[in-house]
Structure formats: structure tokens, C-alpha cells
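Could you walk me through this protein as if I were seeing it for the first time? I'd like to get my bearings before looking at the details.

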Amino acid sequence: MNLERVVFGFFIILTLSLNAAFVAGGVETAAHHNVWILTFTIIVNLVAIGLKLGDRSQTGALLLASGLVAGLLLITARIVWIVADPEGGSGPGPGEMADIVSIAMGALVANVIATVILVGDTLLSRR
């Protein structure tokens, strides 16, 4: 067992799981979406991007690209949250929350792609 691959896979799957946890719930309901889950998802995604930087293969390039897309979208969602709720009190309104969740859902797609690439690469390397 390669410990480096285990850690790498852990962060890829953790990012996907956290992203899915954030977008679950009513799209326009701020109470269904925790700002700390979004923030932690960004941090874990940035760690995963850092781990992807050392891979010089074509698969590594695709994983890095998907990670960068997810990171950009998650950071954008967090910025929209900050702008929509400047005092940090009641949370964003329904319209802004729908925007935030939609942007985070785009990041979820990028994270699913990264996970599929990772699993596919692992299965192909086993043969």
C-alpha cells in the first residue's frame, strides 16, 4: 500500500464529501447550509490542490484542473456569502443562497470528475 496515494485519495474524497454535505438541503434555505462546512471544504480543497501539484502525469494535470475549478467556484461561493451577509448575522437571503448553492454545486461536479478520474486511474493501474 502506497501511503502517499492513500493521503491523496483521502483528501480528494473528503473534498467531494464535504462539498456534497454543503449543497444538500433546500437551495434557498440558508438554515440548510452551514458556512463552516463551506469554509472547511475550501481548506480541504486547497490541501488537495497542493498535493496534486507534484504529479507530472496527464492524469495529474486533469486532477489539478478539476481541483482548480472546484477551488475557484468554492471561493466564489464564499465571497458571495460574505457580500450577501456583511454583518454575519441572519445569513444570506433566499436569492443569494440559491446563487451560493448553485456555485457550490458546480464545484461538486468538478469534485465528482476528480474522484472518477482518481478511481479510474487506480483501476487501470491495477491491471
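What follows is a tour from the overall layout to the helix pairs, the pockets and a few single residues.

First things first: this is a predicted model. The protein chain holds 4 helices and 0 strands, so if you read along from the N terminus, the order of elements is simply α-α-α-α. If you put a box around the C-alpha atoms along the principal axes, that box comes out at roughly 50 × 25 × 20 Å. The chain has 127 residues, and 35% of them are buried.

Now for how the helices sit against each other. Two packed helices are described by the angle between their axes and the distance between the axes. Start with helix α1, residues 3-23, and helix α2, residues 35-52. The axes of α1 and α2 cross at roughly 155° and come within 9 Å. An angle over 145 degrees counts as roughly antiparallel, and therefore α1 and α2 are roughly antiparallel to each other. When α1 passes α2, the crossing is left-handed.

Helix α1 has another partner too. It packs with helix α4, residues 94-125, at an angle of about 150°, and the two axes are 8 Å apart. That angle makes α1 roughly antiparallel to α4. Sort the residues in the contact of α1 with α4 by class and you get 17 nonpolar, 6 polar and 2 charged ones. As for handedness, α1 and α4 cross in the left-handed sense.

What about helix α3, which covers residues 58-84? It packs with α4 at about 165°, with 9 Å between the axes. Here again the cut-off for roughly antiparallel is over 145 degrees, and α3 and α4 are therefore roughly antiparallel to each other. The crossing of α3 past α4 is left-handed. In the contact of α3 with α4 there are 19 nonpolar residues, 5 polar ones and 2 charged ones.

With the helices in place, have a look at the pockets. The largest pocket has about 200 Å³ of space in it. Which residues line the largest pocket? Near the start of the numbering you'll find Asn2, Arg5, Gly9 and Ile13, and further along come Leu118, Val119, Thr122, Ser125 and Arg126. The elements giving two or more residues to this lining are α1 and α4. Helix α4 provides the largest share, with 4 residues. By class, the lining of the largest pocket is a mix: 3 nonpolar, 4 polar and 2 charged residues.

The second largest pocket holds about 160 Å³ of space. Its lining is made of Glu4, Arg5, Val7, Phe8, Leu51, Lys52 and Asp55. At least two residues each come from α1 and α2, and α1 gives the most, with 4 residues. Sorted by class, the lining of the second largest pocket has 3 nonpolar residues, no polar ones and 4 charged ones. If Arg5 rings a bell, that's fair: Arg5 is listed in the lining of the largest pocket and in the lining of the second largest pocket.

Finally, zoom in on a few single residues. Take Met97, which is found in helix α4. Is Met97 buried or exposed? It is buried, because its relative accessible area is 0%, and the cut-off for buried is under 20%. Between Met97 and Phe10 there are 29 Å in space, C-alpha to C-alpha, and the two are 87 residues apart in sequence.

Helix α4 also contains Leu123. Leu123 has 55% relative accessibility, so it counts as exposed, given that exposed means over 50%. Measuring C-alpha to C-alpha in the model, Leu123 and Gly54 are 21 Å apart, with a separation of 69 residues in sequence.

The last stop is Val83, in helix α3. At 63% relative accessibility, Val83 counts as exposed. Val83 and Glu96 are 13 residues apart in sequence, and their C-alpha atoms are 9.4 Å apart in space.

Conventions: Residues numbered from 1 in each chain as written. Predicted model: local features only at pLDDT ≥ 70, side-chain atom pairs only at ≥ 80, totals over all residues. Heavy atoms only, no water. Axes fitted to C-alpha atoms, helices over the stretch in contact; angles between N-to-C directions. Parallel < 35°, antiparallel > 145°, perpendicular 65-115°, else oblique. Left-handed = near helix turned anticlockwise from the far one by under 90°. Nonpolar A, V, L, I, M, F, W, Y, C, P; charged D, E, K, R; others polar. 1 Å grid on protein atoms, 1.4 Å probe; cavity = no way out; pocket = protein on both sides within 12 Å on 5 of 7 lines; lining within 4 Å. Points joined across faces, edges and corners; volume = space filled by probe spheres on them. Buried < 20%, exposed > 50% of the residue type's maximum accessible area, 1.4 Å probe, protein only.
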